[in-house]
There are 2 protein chains.
Amino acid sequence: MIAEFNPLHHGHVYAMQQARALGHADVVVVAMAGNYVQRGEPAIVDKWARTQAALAAGADVVVELPISATVQSAPQFATGGVQLLAALGVTQLAFGSEDPTVDYAALAAKLATHQVAPTTFTDYTQTYATQLNQAVAQVTGAPLSGPNLLLGLSYAQANLAAGSPLTLLPFGRVGAGHDAPAAGVTASASAVRQAIAAGEPITQWVPAPSAAQLAANRHQTWADFYPWLRYRLLTADLAELRTIAGMSEGLEYRLTQHIAASHDFPDFLRRIKSKRYTYARLRRLCLAVTLNLTNASVAAAQAQPFIHVLGFTAAGQAYLHGVKKTVAWPLVTRVSAAMLAPGGLLAPQQPGEHLIETLTGRSQNYGRVPVRAESGGSSC
Amino acid sequence: MIAEFNPLHHGHVYAMQQARALGHADVVVVAMAGNYVQRGEPAIVDKWARTQAALAAGADVVVELPISATVQSAPQFATGGVQLLAALGVTQLAFGSEDPTVDYAALAAKLATHQVAPTTFTDYTQTYATQLNQAVAQVTGAPLSGPNLLLGLSYAQANLAAGSPLTLLPFGRVGAGHDAPAAGVTASASAVRQAIAAGEPITQWVPAPSAAQLAANRHQTWADFYPWLRYRLLTADLAELRTIAGMSEGLEYRLTQHIAASHDFPDFLRRIKSKRYTYARLRRLCLAVTLNLTNASVAAAQAQPFIHVLGFTAAGQAYLHGVKKTVAWPLVTRVSAAMLAPGGLLAPQQPGEHLIETLTGRSQNYGRVPVRAESGGSSC
């Protein structure tokens with residue numbers, strides 16, 4: 001699976017059960033976003049806390065999707081996840097969908113024959129999903145509906161581009177839509193985050209180990225990062241800002257012109273919003289500025305891919321032992337100082353990790369070893 | 001005069017009286033450090049508050065010594081002040097000294113014939129003053145003593161290098177040495193800052209208008225800037241840090257290696273201190289990092305010098321009116337948006353000014369006009 005677990009809720013437990021069942025799988029391997037997520041913000045609790053929750057909820061191996069893959073548009077996020085799992089020898093990819101009867105691989109292939117590729121979508125005024133769906137409607141005569149359905153198609157496109165290393169296993173989702181308000185026994189991650197922000201109880205939406213991690217760990221939000229973004233935009237040279245990933249079309253002028261008068265991050269986002277850019281794209285751009293995520297550091301990260309193991313069960317450990325001689329990328333289980341030094345494997349991740357360390361007081365890479373949990377440890 | 005007024009105290013009032021008397025001067029013109037001072041920290045209150053205090057204490061014209069001149073070693077600071085005053089048509093420079101009987105111009109000339117220039121001092125383990133004094137002792141057979149005596153020599157060297165546009169007017173200082181504890185009727189600026197930091201009364205050390213400005217305005221210290229420095233060092237690329245003014249000999253490694261474990265700015269300074277560098281040099285380097293003061297921005301500022309008028313009395317206004325057609329550099333009395341835009345006259349100053357604006361909530365350049373005060377307004 002490819003996931004963010006931001007935070008892990010009952011829907012994710014169900015998803016991992018589905019993955020295990022549909023794949024007739026010995027182990028469930030999850031490529032999980034690290035400390036930053038695709039909508040352009042820090043994960044609510046750090047990657048180690050979320051790994052603890054994941055292992056308790058049905059995952060056997062959790063590996064990290066690095067910042068260079070997560071703070072990206074949907075197709076790049078999907079590509080990062082597919083390549084990471086394939087490098088680890090995983091052969092199947094399960095994902096939730098509003099319509100699991102769609103043949104995603106076939107649809108991706110059909111789109112490819114019509115030259116519809118992620119790179120063809122250059123209209124920033126609409127979300128990637130909207131543009132993808134318009135292309136689908138043009139090619140097939142009928143649009144898809146639902147965000148996870150389009151996410152599935154992105155996975156299928158990324159898988160096709162990678163030479164189809166993964167068999168796709170879509171499964172139906174229970175309960176609310178991805179961004180629907182909390183209802184019934186499941187809620188979306190964003191609804192859970194909203195409940196947390198509002199100080200409402202969340203124990204009905206998340207399994208106990210996830211609730212325990214949420215209670216025990218510091219919560220990171222844009223409120224923590226806004227002072228850094230503000231400082232950087234007030235002092236950075238325009239030429240420096242032009243090196244930031246996703247900074248295009250003179251956006252550096254827009255950002256620097258509006259920062260001084262802004263009161264907080266939501267206010268700043270409102271000021272820089274235009275028809276030309278979605279909020280998600282602007283949030284990711286602001287996060288890239290704050291983390292000093294440059295085109296060069298993204299390129300460096302992509303040139304030196306690696307597999308950072310965040311945690312495993314006993315079954316997961318056995319799986320890793322079995323594949324470790326054949327994995328396509330370096331398998332990192334204990335982060336050394338050399339890996340973090342300039343030019344090191346994990347060096348491009350460090351600016352963002354240092355900020356989380358400053359907030360949590362907890363090392364995010366150096367000296368950390370994978371979380372170990374009992375096999376089949378779903379306590380839900 | 002060249003001054004910082006950080007903060008303005010009775011010794012400064014006396015200095016301006018001496019300057020007026022010795023120079024038989026119609027007006028006292030002060031080149032005052034803006035929002036940052038030479039020891040590598042923000043001025044305790046902003047430049048507008050200190051201009052108010054200066055006009056009330058005997059200054060007729062206050063012009064700004066920009067960051068590119070103040071966050072520098074002593075000889076560059078002196079050069080910035082001498083050139084600014086000369087550009088404004090000033091013909092005399094008064095300064096306090098432990099020994100006003102020394103012929104500073106002659107001493108500077110003698111040092112010059114022995115090839116002793118500021119650039120010959122490259123030993124960072126000792127202060128500039130110490131090295132200058134060693135050279136003086138070598139050339140003249142007897143060392144000078146006292147920091148302001150060496151400051152006077154720096155002025156004389158800068159004046160000589162500029163073609164001696166200024167007649168030097170040294171005068172004796174009353175009361176305590178520059179860094180001595182408060183005693184008698186005068187105290188050094190650092191003693192006043194220490195008293196303020198300790199919550200002790202300062203009204204006996206500073207004239208009432210300066211005390212009023214200190215009471216009415218936010219105080220800036222390194223405690224405000226340390227989180228920004230920390231953020232920047234945690235996220236900056238080493239190549240970016242190498243562009244910072246004063247970053248040499250691999251100091252960027254030393255800074256980035258020690259920041260994560262540091263608790264506050266004094267702790268950080270202690271960690272990066274070595275025999276090789278003085279505290280003053282390290283503070284200035286840290287300030288340059290925080291303000292993103294690069295070699296390129298210093299060069300841009302020096303290539304486009306200007307005279308920013310911060311305030312004047314009626315007599316000062318008459319003086320400015322008289323010289324405005326002959327001043328060597330652009331005379332800025334009202335800062336326009338164009339001057340602050342990229343490439344504009346004041347653009348290199350803006351990162352540092354934006355940070356002061358964030359702290360004080362008060363524009364430091366845009367739309368500001370000079371403070372006007374009654375002529376001869378010393379209310380002390």
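Which residues of the largest nonpolar core touch the most other members?

**Entry 1, the core.** I began with this question, keeping in mind that the model is predicted. The largest nonpolar core holds 72 residues, and A:Phe225, A:Phe268, B:Phe225 and B:Phe268 are the ones that touch the most other members. I noted beside this that, in soluble globular proteins, nonpolar side chains tend to be buried together. I then followed B:Phe225 and, leaving aside residues up to four places away in sequence, I found that B:Phe225 touches B:Tyr36, B:Pro42, B:Leu287, B:Thr290, B:Leu291, B:Leu355, B:Ile356 and B:Leu359.

**Entry 2, where the chains meet.** I next looked up how chain A and chain B touch, and I found that 20 residues from chain A and 19 residues from chain B take part in the contact. The two chains bury about 1700 Å² between them, with 57% of this area on carbon and sulfur atoms. On the side of chain A, the residues that lose the most area to chain B are A:Tyr231, A:Leu234 and A:Thr235, which together make up 36% of what that side buries. I also looked for links between the chains, and the count was 0 salt bridges, while 8 residue pairs are in polar contact, both residues being at pLDDT 80 or more.

I then asked which elements of chain A give two or more residues to this side, and they are α10 (222-235), α11 (238-241), α14 (279-290) and α18 (350-360). The largest share, 7 residues, comes from α10(A). Sorted by class, the side of chain A that touches chain B has 10 nonpolar, 6 polar and 4 charged residues.

**Entry 3, salt bridges.** Over all chains I found a count of 22 salt bridges. In one of them, B:Arg20 pairs with B:Asp60, and their closest N and O atoms are 2.8 Å apart. B:Arg20 lies in helix α1 (residues 10-22) of chain B, whereas B:Asp60 lies in the loop between α2 (47-56) and β5 (61-65), so the pair ties together parts that are 40 residues apart in sequence. I noted that B:Arg20 is partly exposed, with a relative accessible area of 27%, whereas B:Asp60 is buried at 1% relative accessibility.

In chain A, I found the side chains of A:Asp224 and A:Arg218 meeting in a salt bridge at 2.8 Å, N to O. A:Asp224 counts as buried because its relative accessible area, 17%, falls under the 20% cut-off, while A:Arg218 is partly exposed at 33% relative accessibility. In chain B, I found a salt bridge between B:Arg218 and B:Asp224, with the closest N and O atoms 2.8 Å apart. Lastly, I noted that A:Arg39, A:Glu41 and A:Arg193 are joined into one network by salt bridges that share partners.

Definitions and conventions. Residues numbered from 1 in each chain as written. Chains lettered and ligands numbered in written order. Predicted model: local features only at pLDDT ≥ 70, side-chain atom pairs only at ≥ 80, totals over all residues. Heavy atoms only, no water. Core = buried A, V, L, I, M, F, W, Y, C linked by side-chain atoms within 4.5 Å. Buried < 20%, exposed > 50% of the residue type's maximum accessible area, 1.4 Å probe, protein only. Contact = heavy atoms within 4.5 Å. Buried area = accessible area lost by both parts, 1.4 Å probe. Salt bridge = Lys/Arg side-chain N within 4 Å of Asp/Glu carboxyl O. Polar contact = N/O pair within 3.5 Å; in protein donor to acceptor, adjacent residues only side chain to side chain. Helix = DSSP H or I, 4+ residues; strand = E, 2+ residues; numbered from the N terminus. Nonpolar A, V, L, I, M, F, W, Y, C, P; charged D, E, K, R; others polar.
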